[in-house]
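Open the model in your viewer and keep the selection panel at hand. The stops below go one selection at a time.

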Number of protein chains: 2
Amino acid sequence: MSTAEQTEGDDLPWGEVTPDAARRLLVAAVEAFAERGYHATTTRDIAGRAGMSPAALYIHYKTKEELLHRISRIGHDKALRVLRTAADGPGSAAERLADAVRSFVRWHADHHTTARVVQYELDALGDEHRTEIVALRRQSDAAVRDMINDGVRNGEFDVPDVPGTTLAVLSLCIDVARWFNVAGTRTPDEVGALYADLVLRMVGARPQAS
Amino acid sequence: MSTAEQTEGDDLPWGEVTPDAARRLLVAAVEAFAERGYHATTTRDIAGRAGMSPAALYIHYKTKEELLHRISRIGHDKALRVLRTAADGPGSAAERLADAVRSFVRWHADHHTTARVVQYELDALGDEHRTEIVALRRQSDAAVRDMINDGVRNGEFDVPDVPGTTLAVLSLCIDVARWFNVAGTRTPDEVGALYADLVLRMVGARPQAS
DNA sequence: CGGCGTCCTAAGCGCTTGCTCACCGTCAGG
DNA sequence: CCTGACGGTGAGCAAGCGCTTAGGACGCCG
């Protein structure tokens, strides 16, 4: 039962989850879901990782599915905000797209446990919760598509199939959560830089000095 | 065993699974696993889809995990063969790479239920079975990397980071299994053509008439 | 001190899980 | 006819599941 280890760190990951015990449970759930998947994770496992009894979970969350929903909702919000910050920034379409991919990929690598739950455990949500999350995803799609369209309109990009390329770009970024490994040779920054370059090639951006 | 019959495996999806009842169970398992995931699927569900009693499953398979292993093994073998057929074919590096991506993606779209199980349910395998499958994946990785290296060596491609680009190409192709939907607007052929083009851009292949 | 709300636990309920086992219909060989 | 192997079933077991409930420890206010 380790105690004081809280406010340390810059922007601690789940600071917005307010009752302290609820946050510990949620963090434990993220780890367990990412490791074994939602259905293979038991409420006893989650509570155990948080150093609590199985019943404690139900004081803060109505069901196990609500826990997943909370994780998924917050995770999608954060990822979407990261994307939009770059997409709505200044600069040419190529600069904004590269920036968006770089930071979006970096987020998926840095928070690959969260991202894995958020991106790959969607089917475990109930119908209502899933449609809510799908709506958030469509917003990510729109953000990327808009940047590509901007670049096509002003001649920066050469893209025959904008919706298809948008799909591919997002698919590429999201799949980082599946394969990224902390023990691997690449840092999140390196992957972000690599992917930003690859995406610029995909949209046929003219090479430019920066 | 079969001598020349195995090449007919493309006609009937799971023709190589020889006891007829065993094949029906396996097909049912593929559908169920793809729909709900391995852990959320019950043996009663699988047997029910195959029109049999729950106990029938254990006449042909020792455990539920063995069923997943069989599916994963056969699926990976087929996907790898598709990749290699194009990779080992004639033509320039660009032609072979485009061909490989096109057919690999088409396979993942055509058999997206199987591919989903094969690519995303790997963690549900036991340790032994998982390492066996991981070895197959490394062979896919090598096949793609070799093609890219060929293109770089003879000046067809411009690729600063070959291992990273290899990873990205495979990631892009594999993720097709996650999002592809039969009810969607794109056919497997269209996705294959789109992705072949995108990959050629990623490796900096000089544009060529098609 | 007692009363009360908050936060947690021990115990366990009802149900489902992966899997087993005693048994049975079918059919070829004698 | 019988025999026995084969491929199947109905019933059910032990274990584990998500979740509930009665009650205890603790702190705050009077």
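Two residues count as in contact here when their C-beta atoms, placed from the backbone, lie within 7 Å. The model is predicted, so that cut-off is applied to computed coordinates.

**Stop 1: chain A as a whole**

Select chain A and show it as a cartoon. What does its secondary structure come to? There are 10 helices and 0 strands, so reading from the N terminus gives α-α-α-α-α-α-α-α-α-α. Along the principal axes, the C-alpha atoms of chain A fill a box of roughly 60 × 35 × 25 Å. Of the 210 residues in chain A, 42% are buried. If you list the contacts in chain A between residues at least 6 apart in sequence, 70% of them join residues at least 24 apart.

**Stop 2: where chain A meets chain B**

Add chain B. Contacts link 19 residues of chain A with 19 residues of chain B. To find the chain A side, select helix 8 (162-174) and helix 10 (188-202), the elements that each give two or more residues to it. Coloured by class, that side of chain A shows 9 nonpolar, 6 polar and 4 charged residues.

Next, superpose chain A on chain B. A rotation of 180° with 0.0 Å of shift along its axis does this, at an RMSD of 0.1 Å. The two copies are therefore related as by a two-fold rotation axis. Both copies use the same surface, since 100% of the contact residues of chain A recur in chain B.

**Stop 3: one position in helix 8**

Zoom in on Gly164(A), which belongs to helix 8 of chain A. Is Gly164(A) buried or exposed? Gly164(A) is partly exposed, because 19 other C-beta atoms lie within 10 Å and a residue needs 20 or more to be buried. Now select Asp141(A) as well: Gly164(A) and Asp141(A) are 23 residues apart in sequence and 11 Å apart in space, C-alpha to C-alpha.

**Stop 4: the nonpolar core**

Hide the surface and look inside. The largest nonpolar core has 127 residues. Which of them touch the most other members? They are Val101, Tyr195 and Val199, in chain A and again in chain B. Pick Val199(A) and show its surroundings: leaving out residues up to four places away in sequence, Val199(A) touches Leu97(A), Ala98(A), Val101(A) and Val169(A).

**Stop 5: the annotated spans**

Select residues 19-79 of chain A, where UniProt places the feature "domain: HTH tetR-type" in an unreviewed entry. This span is 72% helix and 0% strand, and its end C-alpha atoms lie 23 Å apart. Then select residues 42-61 of chain A, listed by UniProt as "DNA-binding region", also in an unreviewed entry. Residues 42-61 are 55% helix and 0% strand, with end C-alpha atoms 14 Å apart.

**Stop 6: the two DNA strands**

Show DNA strand C and the residues around it. There are 16 of them, and the closest are Ala21(A), Ser53(A), Ala55(A), Ala56(A) and Thr42(B). The surface near strand C has 10 nonpolar, 4 polar and 2 charged residues.

Switch to DNA strand D. Which residues are the closest to this strand? Of the 16 that surround strand D, they are Thr42(A), Thr63(A), Ala21(B), Ala55(B) and Ala56(B). By class, the surface near strand D comprises 10 nonpolar, 4 polar and 2 charged residues.

Conventions:
Residues are numbered from 1 along each chain as its sequence is written. Chains are lettered from A and ligands numbered from 1 in the order in which they are written. This is a predicted model: local features need pLDDT of at least 70, side-chain atom pairs count only at pLDDT 80 or more; totals for chains, interfaces and linings use all residues. Helices (H or I, at least four residues) and strands (E, at least two) are DSSP runs, numbered from the N terminus. Ala, Val, Leu, Ile, Met, Phe, Trp, Tyr, Cys and Pro count as nonpolar, Asp, Glu, Lys and Arg as charged, and the others, Gly among them, as polar. Copies are superposed by least squares on the C-alpha atoms of residues with pLDDT of at least 70 in both. UniProt positions are given in the numbering used here, feature names are shortened, and annotations may be inferred rather than shown by experiment. A residue is near a molecule or strand if its C-beta atom, placed from the backbone, lies within 6 Å of it. A nonpolar core is a set of buried Ala, Val, Leu, Ile, Met, Phe, Trp, Tyr and Cys residues joined through C-beta atoms within 7 Å. A residue is buried if 20 or more other C-beta atoms lie within 10 Å of its own, exposed if 12 or fewer, and partly exposed in between; C-beta atoms are placed from the backbone.
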